[in-house]
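This report looks at the salt bridges of the structure and at one of its pockets.

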Amino acid sequence: MNQRDFRVLFLCEWKSGHNAAAAARNINAALGNDTVKERTVRRWFQKFEAGDESLVIEARGRPEPYINDDQLQISIEANTRHTVRDLSQEFIVSSTTISRHLKSIGKGPIVLHGNARSHVSQITVQKLNSLKYETLPHPPYSPDLSLTDYHFFKHSNHFLNEKTFMNQETVENAFQQFIVTRPPNFYKNGIQKLLTNWKKCVECNGSYFDE
């Protein structure tokens, strides 16, 4: 069977009302295990659901990825901690595709920065608006709301504590060691903690509070 034959099977399964997982199981049961991958079937189902039932061979042997913006919106609202990577894995598309659709539904990245002149200049504000980035203001003198202060520097200071440095090279080597020894979820955990810190700030009506 050639690629077009498989795509005919995908279309028949889709028209029969089967989902991608069931379609992949049916085809593999008939033609042998691992004949088709579920994610391949899912890509074609997304194409069909978008109203395109053509079976033309696309560039790189796969259809242009389709995402339903309403489904993307529902997924974001169901879990506001979703990252672009999480969404790309859920919808089986590239991070670039997810970012493009987030922009189209007005869900661009949230930028946290203070009131430094470079942050509030007209050029910066216009650029952020054109990119549809949401700006989360950072009140002055609030290290508990600064990711570098409450997370990165806190851990780096602990890592470097009681170490002796004879010259700049040893300092740089120690800092590089700190960077490469961080676990994969180090930065993600720090960003997620920002939600808790902001909640405290709101509950205290912006007043200072102890950790």
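Being 4 residues apart in helix 3, R42 and E38 are separated by about one helical turn, and in this predicted model their side chains meet in a salt bridge with an N to O distance of 2.4 Å. R42 counts as partly exposed at 28% relative accessibility, and E38 likewise counts as partly exposed, at 36%.

A search of the whole structure finds 3 salt bridges, which are set out here.

| Basic residue | Acidic residue | N to O distance |
|---|---|---|
| R42 | E38 | 2.4 Å |
| K47 | D52 | 2.8 Å |
| K15 | E53 | 3.1 Å |

The pair of E53 and K15 links distant parts of the chain, since E53 sits in the loop between helix 3 and helix 4 (69-78) while K15, 38 residues away, belongs to helix 1 (residues 3-15). K15 is exposed, with a relative accessible area of 55%, whereas E53 is partly exposed at 35%. In the salt bridge of K47 with D52, K47 is buried, with a relative accessible area of 1%, and D52 is partly exposed, at 22%.

R42 also has a place in the second largest pocket, where R42, F45, Q46, E49 and Q71 are the closest to the centre among the 15 lining residues. This pocket has a volume of about 310 Å³, and its lining divides into 7 nonpolar, 4 polar and 4 charged residues. Helix 2 (20-31), helix 3 (38-49) and helix 5 (84-91) each supply at least two residues of that lining, with helix 3 giving the most, 5 residues. Because domain 1 (3-50) and domain 2 (64-108) both give residues to the lining, the second largest pocket lies between them.

Key. Residues numbered from 1 in each chain as written. Predicted model: local features only at pLDDT ≥ 70, side-chain atom pairs only at ≥ 80, totals over all residues. Heavy atoms only, no water. 1 Å grid on protein atoms, 1.4 Å probe; cavity = no way out; pocket = protein on both sides within 12 Å on 5 of 7 lines; lining within 4 Å. Points joined across faces, edges and corners; volume = space filled by probe spheres on them. Nonpolar A, V, L, I, M, F, W, Y, C, P; charged D, E, K, R; others polar. Domains from an automatic or database assignment. Salt bridge = Lys/Arg side-chain N within 4 Å of Asp/Glu carboxyl O. Buried < 20%, exposed > 50% of the residue type's maximum accessible area, 1.4 Å probe, protein only.
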